[in-house]
Structure formats: C-alpha cells, structure tokens
Amino acid sequence: MAHAGKEGAIPRFTLPDRIRKARTTANLSQTEAGPALGLTRQALNGYEAGRVTPGHTFLGALAALTNVSDHWLIAGDDGLCPNWLAVSACGCCLDSLEPRA
C-alpha cells in the first residue's frame, strides 16, 4: 500500500493492493480465485505482487467475481472519471493499463 504521508489521511492503494484486497474481501484464496479467473495461482500472484500489469479483461472478471466496483479496482477511488461508462468503454482509465486496438 502506498503511504499517503499524512496522519489520518485515507490510504491510496496501488493496483496490486486493490487486486489482493478484492480477492481477500471475497474470502477467496489465490488457489480458488486463479482458476475462476482462468489463471494459475502463480499468475494471480504475479498481479498481486506487481510483477505483471493486468489488462482490462482480467480486471473486469475480477471485479465481477469479487463483487467490487470495477472503477475502484482500476482507478483506486470511488468517484467516477469524466468518461466512465464501463470497464470495456472507459478509455481514460484503461489507456495506462494496455494499448487499445
């Protein structure tokens, strides 16, 4: 988790933190969540450790599996970005994750 630097500040979670938090809040182990997402436990661990940057397909599937907001999972806040429509349509959040075709 990234440190905000001020006592009492709301923590800003990194993308790997949010991936892990979504999974653990849903009471899923990596061994359970990986196959449900079409991944091995090791691949999921790579996302959670920040060694691999996930694409929007994975993030949308994880949001659906764990019942968290896909916007929170991608952007890390509870507000909506100006162009937010859905995981597959939001260009401003996804551009930083993977190239759009």
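The following exercises, with worked solutions, concern a predicted model of a helical protein chain.

**Exercise 1. Overall architecture**

Determine how many helices and strands the protein chain has, and what share of its residues is buried.

*Solution.*
Step 1. The chain holds 6 helices and 0 strands. Taken along the sequence, these elements give the pattern α-α-α-α-α-α.
Step 2. The chain has 101 residues, of which 34% count as buried.
Step 3. Contacts can also be sorted by sequence separation. Among those between residues at least 6 apart in sequence, 45% join residues at least 24 apart.

**Exercise 2. The packing of α1 and α4**

Describe the geometry with which helix α1 packs against helix α4, and identify the residues that meet.

*Solution.*
Step 1. Two packed helices are described by the angle between their axes and the distance between the axes. For α1 (residues 15–25) and α4 (residues 56–66), the angle is about 30° and the axes lie 9 Å apart.
Step 2. Because angles under 35 degrees count as roughly parallel, α1 is roughly parallel to α4.
Step 3. The crossing of α1 past α4 is left-handed.
Step 4. On the α1 side, the residues in contact are Leu15, Ile19, Ala22 and Arg23; on the α4 side, they are Phe58, Leu59, Leu62 and Thr66. By class, this contact comprises 6 nonpolar residues, 1 polar and 1 charged.
Step 5. An α-helix has 3.6 residues a turn, so residues three or four places apart point the same way.

**Exercise 3. The largest nonpolar core**

State which residues touch the most other members of the largest nonpolar core, and which element gives the most to this core.

*Solution.*
Step 1. The core has 14 residues, and those touching the most other members are Ile19, Leu37, Phe58, Leu59, Leu62 and Leu73.
Step 2. Two or more residues come from each of α1, α3 (41–49), α4 and α5 (70–75).
Step 3. The greatest contribution is that of α4, with 4 residues.

**Exercise 4. Two neighbours in α1**

Establish whether Ala22 and Arg23 are buried or exposed, and list the residues that Ala22 and Arg23 touch beyond four places in sequence.

*Solution.*
Step 1. Ala22 belongs to helix α1, and so does Arg23.
Step 2. The cut-off for a buried residue is under 20% relative accessible area. Ala22 has a relative accessible area of 1% and is therefore buried. Arg23, at 10% relative accessibility, is therefore buried as well.
Step 3. Beyond four places in sequence, Ala22 touches Leu62, Thr66, Val68, Trp72 and Leu73. Its C-alpha atom is 9.4 Å from that of Ser69, although 47 residues separate Ala22 and Ser69 along the chain.
Step 4. With the same exclusion, Arg23 touches Leu28, Ser29, Gln30, Ala33, Leu44, Glu48 and Thr66.

**Exercise 5. The buried residues of α3**

Name the buried residues of α3 and the elements included in what covers them.

*Solution.*
Step 1. In α3, the buried residues are Leu44, Gly46, Tyr47 and Glu48.
Step 2. Their cover includes α1, α2 (30–36) and α4.
Step 3. After α3 comes Gly50, which has a positive phi, near 80°.

**Exercise 6. Loop residues and backbone angles**

Give the phi and the location of Asn27 and of Asn67, and then place Leu28 in its surroundings.

*Solution.*
Step 1. Most residues other than glycine have a negative phi, and most peptide bonds are trans. Asn27, which is not a glycine, nevertheless has a positive phi of about 60°. Asn67, likewise not a glycine, also has a positive phi of about 60°.
Step 2. Asn27 is in the loop between α1 and α2, whereas Asn67 is in the loop between α4 and α5.
Step 3. Exposed residues have over 50% relative accessible area. Asn27, with 66%, is therefore exposed; Asn67, at 73%, is exposed too.
Step 4. Leu28 also lies in the loop between α1 and α2, but at 22% relative accessibility Leu28 counts as partly exposed.
Step 5. Leaving out residues up to four places away in sequence, Leu28 touches Arg23, Ala33, Leu65 and Thr66. Leu28 and Thr66 are 38 residues apart in sequence, with a C-alpha to C-alpha distance of 8.5 Å.

Technical notes. Residues numbered from 1 in each chain as written. Predicted model: local features only at pLDDT ≥ 70, side-chain atom pairs only at ≥ 80, totals over all residues. Heavy atoms only, no water. Axes fitted to C-alpha atoms, helices over the stretch in contact; angles between N-to-C directions. Parallel < 35°, antiparallel > 145°, perpendicular 65-115°, else oblique. Left-handed = near helix turned anticlockwise from the far one by under 90°. Contact = heavy atoms within 4.5 Å. Nonpolar A, V, L, I, M, F, W, Y, C, P; charged D, E, K, R; others polar. Core = buried A, V, L, I, M, F, W, Y, C linked by side-chain atoms within 4.5 Å. Buried < 20%, exposed > 50% of the residue type's maximum accessible area, 1.4 Å probe, protein only.
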